[in-house]
Amino acid sequence: MPDPTAAPRSAEIIAFRPLVPAGKPDAAEAIALAEASAEDPQLRLQRAMVALDDALARQKIAVAEWRNSMSQLGSRVDGLGGALHGLQSSLGGLQTQVTQLHSSAVGLEAQADRLLAATTPA
C-alpha cells in the first residue's frame with residue numbers, strides 16, 4: 001500500500017519561457033528565444049492542447065479512483081457502525097444478565113443473614 005503521507009509524483013511541470021531581462025539577452029537566452037520564435041504557433045498550440053487533454057484524462061481517472069476510495073471508506077464505516085451496534089446490543093444483554101445475577105446474589109445474602117440470625121443464639 002502506498003504511503004498516504006507521500007505526495008504522488010505524477011505531475012509534469014511545464015516550464016514557462018524565462019522573461020527576457022531589460023537589455024540584451026545572453027547567448028543561451030537568445031538561442032532559446034530564436035527557437036521558440038521559429039516554431040509554428042499552431043504546432044505549439046496543438047501540442048499544448050494534446051498535453052491538456054492528456055492531463056484532463058489523467059485527472060478524470062484520479063477523480064474516479066478517489067470517488068471509489070471514498071465509496072469503499074463509506075462501506076467500511078457503515079460496517080463498523082453495524083458492528084458497534086451489535087456490540088451495544090450484546091452489552092445490553094450482558095447488563096441484563098449481570099443485573100439478574102446481582103439480584104439473585106442480594107437475595108441469597110439476605111437469606112443467609114436470616115438463616116445465620118435464626119441459628120445464632122441471642
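Partly exposed here means a relative accessible area between the buried cut-off, under 20%, and the exposed one, over 50%. Keep that in mind for the views below, which come from a predicted model.

**View 1. The whole chain, two helices and zero strands.** Of the 122 residues in this chain, just 1% count as buried. The accessible surface adds up to about 11100 Å², and carbon and sulfur atoms own 64% of that.

**View 2. D54 and R58 joined in a salt bridge.** The structure holds one salt bridge, and here the side chains of D54 and R58 meet at 3.1 Å, N to O. Both residues sit in helix 2, which covers residues 41-119. D54 and R58 are four residues apart, or about one turn of the helix. As for the chemistry, side chains of opposite charge can pair when their charged atoms come close.

**View 3. How much of the D54 and R58 pair shows at the surface.** D54 has a relative accessible area of 40%, so it counts as partly exposed. R58 comes in at 37%, so R58 is partly exposed too.

**View 4. A nonpolar surface patch running from L80 to V98.** Six side chains, L80, L84, L87, L91, L94 and V98, make up this patch of about 570 Å².

**View 5. V98, one of the patch residues.** V98 lies in helix 2, the helix that also holds D54 and R58. With a relative accessible area of 48%, V98 stays under the exposed cut-off of over 50% and is therefore partly exposed.

Terms used:
Residues numbered from 1 in each chain as written. Predicted model: local features only at pLDDT ≥ 70, side-chain atom pairs only at ≥ 80, totals over all residues. Heavy atoms only, no water. Salt bridge = Lys/Arg side-chain N within 4 Å of Asp/Glu carboxyl O. Buried < 20%, exposed > 50% of the residue type's maximum accessible area, 1.4 Å probe, protein only. Patch = residues over 30% accessible without salt bridge, like charges linked within 9 Å, V, L, I, M, F, W, Y side chains within 5 Å. Areas by Shrake-Rupley, 256 points an atom, 1.4 Å probe, with all protein chains shown as cover.
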